Amino acid sequence: MAIFELEPMKHHVLICNGGTCMRHEGEEVTQAIRDEIREQNVEAYIHTTRTRCNGRCHDAAVVIVYPQGDWYGQMTPASGTQLVKKLVMGEKLEPHLFHECTGKSSSE
């Protein structure tokens, strides 16, 4: 998914493809997110990048969304699809959200 025009970009989705996440459906989560982006026809607004380990192996599979700085854990292909739908609606995927870069944990 090459991106040439950054101006319309609203979300950058970083999908962990480190070893532990890959053992917890990381590849399937990656494909589900990318498939839903295509299905929703929002390639100009949501871009994905595969990352290596994000250091939260106990939360595998991990997905991070910027510019919000929202960290999602225990992602599955189904929740990956739901995440894209939520982003399109301007919402968060609360059941999987474990940290927001507001300086506090979502469990506080």
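# Exercises on a predicted model

Apart from its neighbours within four places in sequence, Y72 is in contact with A61, V62, V63, V65, L83, K92, L93, H96, L97 and F98. The structure is a predicted model, and the exercises below start from the whole chain and then turn to its parts.

## Exercise 1. The overall fold

Determine how many helices and strands the protein has, and in which pattern they follow one another.

*Solution.*
- Step 1. Count the elements: the protein holds three helices and six strands.
- Step 2. Read along the sequence, these elements give the pattern β-α-α-β-β-β-α-β-β.
- Step 3. Consider the dimensions. The C-alpha trace spans about 35 × 30 × 20 Å along its principal axes.
- Step 4. Compare with a rule for globules. For 108 residues, a compact globule would have a radius of gyration near 13 Å; the protein has 13 Å, so the two agree.
- Step 5. Examine the contacts between residues at least 6 apart in sequence: 64% of these join residues at least 24 apart.

## Exercise 2. Strand 1 and its partners

Identify the strands with which strand 1 pairs, and state the direction of each pairing.

*Solution.*
- Step 1. Strand 2 (residues 46-51) runs parallel to strand 1, and six bridges join the two. Within this pairing, V13 has T48 as its bridge partner.
- Step 2. Strand 3 (residues 63-66) pairs with strand 1 in the antiparallel sense, over four bridges. Here the bridge partner of H12 is Y66.
- Step 3. Now consider burial. Five of the six residues of strand 1 (residues 11-16) are buried, and therefore this strand is largely enclosed by the rest of the structure.

## Exercise 3. The largest nonpolar core

Name the residues with the most contacts inside the largest nonpolar core, and find which element supplies the largest share of this core.

*Solution.*
- Step 1. This core has 25 residues, and those with the most contacts inside it are V13, I33, V63, Y72 and L83.
- Step 2. At least two core residues come from each of strand 1, helix 2 (26-40), strand 3, strand 4 (70-72), helix 3 (77-88) and strand 5 (97-100).
- Step 3. Strand 1 provides the largest share, four residues.
- Step 4. Return to the opening list: Y72 has V63 and L83 among its contacts, and these two residues also belong to those with the most contacts inside the core.

## Exercise 4. Helix 3

Compare the expected span of helix 3 with the distance between its end C-alpha atoms, and list its buried residues.

*Solution.*
- Step 1. At 1.5 Å a residue, the 12 residues of helix 3 should span 16 Å, and the end C-alpha atoms are 17 Å apart, which agrees.
- Step 2. S79, G80, T81, L83, V84 and L87 are the buried residues of helix 3. They pack against strand 1, helix 2, strand 2, strand 3 and strand 4.
- Step 3. P77 also has its place in helix 3, but its relative accessible area is 23%, so P77 is partly exposed.
- Step 4. Although P77 and E25 are 52 residues apart in sequence, their C-alpha atoms are 7.4 Å apart in space. Leaving aside neighbours within four places, P77 is in contact with E25, E28, V29 and A32.

## Exercise 5. Cysteines

Establish how many disulfides the structure contains, using a cut-off of 2.5 Å between cysteine sulfur atoms.

*Solution.*
- Step 1. A search of the whole structure finds zero disulfides.
- Step 2. For C21, the nearest cysteine sulfur is that of C16, 3.4 Å away, and C21 is in no disulfide. At 3% relative accessibility, C21 counts as buried.
- Step 3. For C57, the nearest cysteine sulfur is that of C53, 4.0 Å away, and C57 is likewise in no disulfide. At 36% relative accessibility, C57 counts as partly exposed.

## Exercise 6. Backbone features in the loops

Locate the cis peptide bonds between A60 and A61 and between Y66 and P67, and the positive phi values of E25 and Q74.

*Solution.*
- Step 1. Recall the usual case: most residues other than glycine have a negative phi, and most peptide bonds are trans.
- Step 2. A60 and A61 are joined by a cis peptide bond with omega about -5°; A61 is in the loop between strand 2 and strand 3.
- Step 3. Y66 and P67 are joined by a cis peptide bond with omega about 15°; P67 is in the loop between strand 3 and strand 4.
- Step 4. E25 has a positive phi, near 70°, and lies in the loop between helix 1 (19-23) and helix 2.
- Step 5. Q74 has a positive phi, near 55°, and lies in the loop between strand 4 and helix 3. With a relative accessible area of 52%, Q74 is exposed.

Key. Residues are numbered from 1 along each chain as its sequence is written. This is a predicted model: local features need pLDDT of at least 70, side-chain atom pairs count only at pLDDT 80 or more; totals for chains, interfaces and linings use all residues. Side-chain values use heavy atoms; hydrogens and water are left out. Buried means under 20% relative accessible area, exposed over 50%, partly exposed in between (1.4 Å probe, protein chains only). Two strands pair if DSSP finds at least two bridges between them. A nonpolar core is a set of buried Ala, Val, Leu, Ile, Met, Phe, Trp, Tyr and Cys residues joined through side-chain atoms within 4.5 Å. Contact means heavy atoms within 4.5 Å. The expected span of a helix is 1.5 Å times one less than its number of residues. The radius of gyration is taken over C-alpha atoms; the globule rule is 2.2 Å times the number of residues to the power 0.38.
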